[in-house]
Amino acid sequence: MHLSFRWFGADDPIPLAYIRQIPGMVSVVTALYDAPASQVWPRARLTAIKEQIEAVGLRFEVVESIPVHEDIKLGRPARDAYIDVYCQNLRLLGELDVSVLCYNFMPLFNWFRTDLAMALPDGSTTMAYNHSEIEATPDPWSANLPAYWPLDDSPDELKAAYLSITEEALWQNLAYFLQAIVPVAAEANVRLAMHPDDPPWSIFGLPRILCNEDDLARLLRLVDSPYNGLTFCTGSLGADPTNDLPRMIHRFGDRIHFAHCRNVRRTGERVFYESAHPIEYGDVDLPAVMKALYDVGFEGPLRPDHGRMIWGETGIPGYGLYERALGAMYLRGLWDGILTGCSAAAHG
Ligand code: DNO
């Protein structure tokens, strides 16, 4: 593995030069976050971002994400035109040598939390989720919650449309999408890495289909190509105690193209908060995850994910510099320990 770091471009208060100073940092994960899913990305903006990243000595390696238009997820007639836009964007990434695209197929919402700044006993804050609060949220679109990209249609209308389709229909729409884009990704040499649903269950009655080991296996079977792969997100999958993360890594090995490594503390049935990375703070066994990634020969980008806000830092919730830099060092330390242990073993 090698370390990468998410950066939100001009909206991000963290200078790229600071990211470069994190030991072992190799690459940057970013996107055009204001671009609606209906549009071809302007090449000049992407080129400018690439130049900025390279100027500090990092690589522009991952785009996270190109949003998938809701008409594609809903299987509406306009989907072919939006899939065509998606393919044009994929080719553009290929031309700029971006090698991984992390995307998701979650209806309407991307990741979701019910609290963006829960206080922890050490004085830091973190993001939290409590399922019982979810259905009580009357107007999730206007609440101050992390989600989505700009939408082309009204969220109420879209939500109504989703409530009338089954999970099976969503799977079929995903298959249709992948059959169209995987060959283009292969030609452009961009590895597709679908992000699991976060949290890994249905919210607001919307279908969510990438939540557990069977779902990941089904996704990979939809189009059996190395370009159809996964973002292995330990925080998303780890919110469900029945997900055995090391086993999934061993099973899906060479189809994991990108890893998000963070920890969560589960405090009840579908209740959790994002904790610090080290093992005693949460329920995800990151040492075992890193060992499994090592065992399958994972060579891709791996990034610390969102988590606490510490040392008084403000900014994009969960995406502070300090906590993620500590996380990067923890993950890199685990990795070095595994490498060293293995070479010591190899030398008897
Ligand atoms: C959360 C992220 C997700 C991820 C998308 C990928 O911080 O891991 O928002 O970027 O689901 O499309």
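How far is an oxygen atom of the ligand from an N or O atom in the side chain of H195? In this model, which is a predicted one, that separation comes out at 3.1 Å, and I would like to begin with the ligand site before moving on to the rest of the fold.

H195 has company in this respect, since an oxygen atom of the ligand also lies 2.8 Å from an N or O atom in the side chain of N104, and a polar side-chain atom of H260 is found 3.4 Å from an oxygen atom of the ligand. As for how much of the ligand is left uncovered, the protein covers 99% of the 330 Å² of accessible area that the ligand has on its own. The surrounding shell is made up of 14 residues, and the closest of them are E64, S65, N110, H306 and Y319. If we sort that shell by character, we find 5 nonpolar residues, 6 polar ones and 3 charged ones.

Two of those closest residues, E64 and S65, bring me to the backbone. The peptide bond that runs from E64 to S65 is cis, with omega near 5°, and S65 itself sits in the loop between β3, residues 59-64, and α3. A second cis peptide bond leads from D198 to P199, with omega near 0°, and P199 belongs to the loop between β7, residues 191-194, and α8. For context, most peptide bonds are trans, and most residues other than glycine have a negative phi.

On that second point, let me turn to F204, which also lies in the loop between β7 and α8 and which has a positive phi of about 55° although it is not a glycine. F204 counts as buried because its relative accessibility is 5%. R270 likewise shows a positive phi, of about 60°, without being a glycine, and its place is in the loop between β10, residues 263-268, and β11, residues 271-275. Is R270 buried or partly exposed? At 34% relative accessibility, R270 counts as partly exposed.

Next I would like to look at a helix and at what packs against it. In helix α6, which spans residues 155-163, the buried residues include L158, A161 and Y162. These residues cover an arc of only 100° around the axis, and therefore they lie on the same side of α6. The general background is that an α-helix has 3.6 residues a turn, so residues three or four places apart point the same way.

Which element helps to cover the buried residues of α6? Part of that cover comes from α3, residues 70-74, and L74, which lies in helix α3, lets us follow the packing at the level of single residues. Leaving aside neighbours within four places in sequence, L74 is in contact with L158, A161 and Y162, and also with I165 and N173. L74 counts as buried because its relative accessibility is 11%. For a sense of distance across the fold, L74 and D215 are 141 residues apart in sequence, and their C-alpha atoms are 19 Å apart in space.

Finally, there are three buried residues whose side chains take part in polar contacts elsewhere in the protein. S27 has its place in strand β2, residues 25-30, and since its relative accessibility is 0%, S27 counts as buried. The side chains of S27 and E61 are joined by a polar contact of 2.6 Å, and, not counting residues up to four places away in sequence, S27 touches a set of residues that includes H2, F5, R59, E61 and P301.

S225 is found in the loop between α8, residues 213-222, and β8, residues 228-233, where it is buried, with a relative accessible area of 13%. A polar atom of its side chain lies 2.9 Å from the backbone nitrogen of Y227, and beyond four places in sequence S225 touches V182 and R255. From S225 to L158 the separation is 67 residues in sequence and 31 Å in space, C-alpha to C-alpha.

The last of the three is T114, in the loop between β4, residues 100-103, and β5, residues 115-119. T114 counts as buried at 18% relative accessibility, because the cut-off for that class is under 20%. Its side chain reaches the backbone nitrogen of N130 at 3.0 Å.

Conventions: Residues numbered from 1 in each chain as written. Predicted model: local features only at pLDDT ≥ 70, side-chain atom pairs only at ≥ 80, totals over all residues. Heavy atoms only, no water. Near = heavy atom within 4 Å. Polar contact = N/O pair within 3.5 Å; in protein donor to acceptor, adjacent residues only side chain to side chain. Areas by Shrake-Rupley, 256 points an atom, 1.4 Å probe, with all protein chains shown as cover. Nonpolar A, V, L, I, M, F, W, Y, C, P; charged D, E, K, R; others polar. Buried < 20%, exposed > 50% of the residue type's maximum accessible area, 1.4 Å probe, protein only. Helix = DSSP H or I, 4+ residues; strand = E, 2+ residues; numbered from the N terminus. Arc of directions from axis to C-beta. Contact = heavy atoms within 4.5 Å.
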